[in-house]
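Please open the model in your viewer and keep the selection panel at hand, since this tour moves from one selection to the next and says what is found at each stop.

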Amino acid sequence: MKRFFILVTFFFSVNLYASEEWSNIPSISGNGTIPVFSISRDDSTATVVLIPGGPFTIGNKSPDTGRPDGINFVVRSAGQFSQEKLNVVLMGKPDKAGDLRSTEQRQKDHHASDVMEVVGFAKKFDKPIWLVGTSLGAISVVNAVLTDKNVLVKGVVLSSSSFKDKRGYGVLSMDLEKLLVPVLLSGHEKDECPATNPKFNEDARKRLTASKKVAISLISTGSAPTGNICGPKHWHGYINAEVDAVRSISEFIRSN
């Protein structure tokens with residue numbers, strides 16, 4: 001299926017080897033337009049498609065940096081992923097997608113289609129593609145990869161995963177046994193959010209029986225957590241531990 005990309009802004013960053021752009025991708029599922037921010041590197045080894053948690057917002061274009069100004073872990077860490085010699089594709093919320101703060105909406109077929117549309121966009125960088133989803137974004141990642149019949153995704157990272165809500169819905173209610181690609185289960189050992197308790201990483205690992213490789217990485221560094229324990233500026237969001245979290249993720253990607 002043909003894909004049409006509308007480039008909104010393009011400029012060179014201060015990094016001599018990287019370029020950045022804002023793009024809008026039409027949603028073939030009928031969810032309007034998908035905003036995407038990307039950073040490409042001449043010396044990249046892989047491409048990461050970053051999927052936010054929470055309400056799925058990446059924020060606005062910062063007048064100072066030109067980058068998204070959202071506070072979600074993968075949004076504020078986009079530049080750090082680039083520093084690890086990775087191409088970065090940060091997916092924003094499709095403008096007609098509705099509320100993506102629920103586990104049900106993250107598991108819908110049309111949502112998986114939108115994520116895979118962004119994966120298709122990432123193919124232009126011609127590097128192995130990895131999906132990295134944090135919190136509710138982990139549900140988005142599993143949902144999308146389970147539909148990836150063309151094997152466009154090389155591997156996945158499930159970060160501070162929303163394992164199960166009060167009704168039991170989340171990553172642990174999905175068909176983890178059907179995931180074939182390498183999987184990194186990443187989190188912070190002090191995460192206090194009930195749905196993303198670090199102990200659930202081991203439960204997920206035991207279910208990933210068909211995956212080529214599974215690893216768990218729990219970060220212990222960081223400082224000054226604030227706000228909601230399930231929010232982006234608490235341990236759940238690797239507050240002041242972004243460098244270590246991104247480096248751990250990047251090392252797993254490079255090892256595969």
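A residue is called buried when its relative accessible area is under 20%, exposed when that area is over 50%, and partly exposed in between. The model in front of you is a predicted one.

**First stop: helix 1 and helix 7**

Select Arg 76, which has a relative accessible area of 27% and is therefore partly exposed. Then add Glu 242, with which Arg 76 forms a salt bridge whose closest N and O atoms are 2.8 Å apart. The two residues belong to distant parts of the chain, Arg 76 lying in helix 1 and Glu 242 in helix 7, 166 residues apart. Glu 242 counts as buried because its relative accessibility is 17%.

Now extend the selection to the whole of helix 7, residues 242–254, which has 13 residues and reaches 18 Å from its first C-alpha to its last, close to the 18 Å expected at 1.5 Å a residue. Among the buried residues of this helix, besides Glu 242, you can pick out Ala 245, Val 246, Ile 249, Phe 252 and Ile 253.

**Second stop: strand 2 and its partners**

Select Glu 20 and Arg 67, which form a salt bridge with the closest N and O atoms 2.6 Å apart. Glu 20 lies in strand 2 and Arg 67 in the loop between strand 4 (46–51) and helix 1 (73–76), so this bridge ties together parts that are 47 residues apart in sequence. Which of the terms buried, partly exposed and exposed describes Glu 20? Glu 20 is buried, at 2% relative accessibility, whereas Arg 67 is partly exposed, with a relative accessible area of 28%.

The structure holds 5 aromatic pairs. One of them is formed by Trp 22 and Phe 37, a tilted pair with 5.5 Å from centre to centre and 55° between the planes. This pair links distant parts of the chain, since Trp 22 is in strand 2 (residues 18–26) and Phe 37 is in strand 3 (residues 33–41), 15 residues apart. Trp 22 counts as buried at 11% relative accessibility, and Phe 37 is buried too, with a relative accessible area of 0%.

**Third stop: other salt bridges**

A search of the whole structure finds 12 salt bridges. One to select now is that of Asp 175 and Lys 178, whose closest N and O atoms are 3.7 Å apart. Asp 175 counts as partly exposed at 38% relative accessibility, while Lys 178 is exposed, with a relative accessible area of 58%. Select next Glu 84, Arg 247 and Arg 254, which are joined into one network by salt bridges that share partners.

**Last stop: helix 4 and helix 5**

Show helix 4 (residues 109–122) together with helix 5 (residues 136–145), and turn the view until you can follow how they pack, at an angle of about 85° and with their axes 8 Å apart. Helix 4 and helix 5 are therefore roughly perpendicular to each other. To see where they meet, select His 111, Ala 112, Val 115 and Met 116 in helix 4, along with Ser 140, Asn 143 and Ala 144 in helix 5.

How many residues of helix 5 are buried? The helix is mostly covered, with 10 of its 10 residues buried. The buried residues of helix 5 pack against strand 4, helix 3 (103–106), helix 4, strand 6 (129–134) and strand 7 (153–159), so these elements make a suitable final selection around it.

Conventions
Residues numbered from 1 in each chain as written. Predicted model: local features only at pLDDT ≥ 70, side-chain atom pairs only at ≥ 80, totals over all residues. Heavy atoms only, no water. Phe/Tyr/Trp six-rings, centres within 6.5 Å; stacked < 30°, edge-to-face > 60°. Helix = DSSP H or I, 4+ residues; strand = E, 2+ residues; numbered from the N terminus. Buried < 20%, exposed > 50% of the residue type's maximum accessible area, 1.4 Å probe, protein only. Expected span 1.5 Å × (residues − 1). Salt bridge = Lys/Arg side-chain N within 4 Å of Asp/Glu carboxyl O. Axes fitted to C-alpha atoms, helices over the stretch in contact; angles between N-to-C directions. Parallel < 35°, antiparallel > 145°, perpendicular 65-115°, else oblique. Contact = heavy atoms within 4.5 Å.
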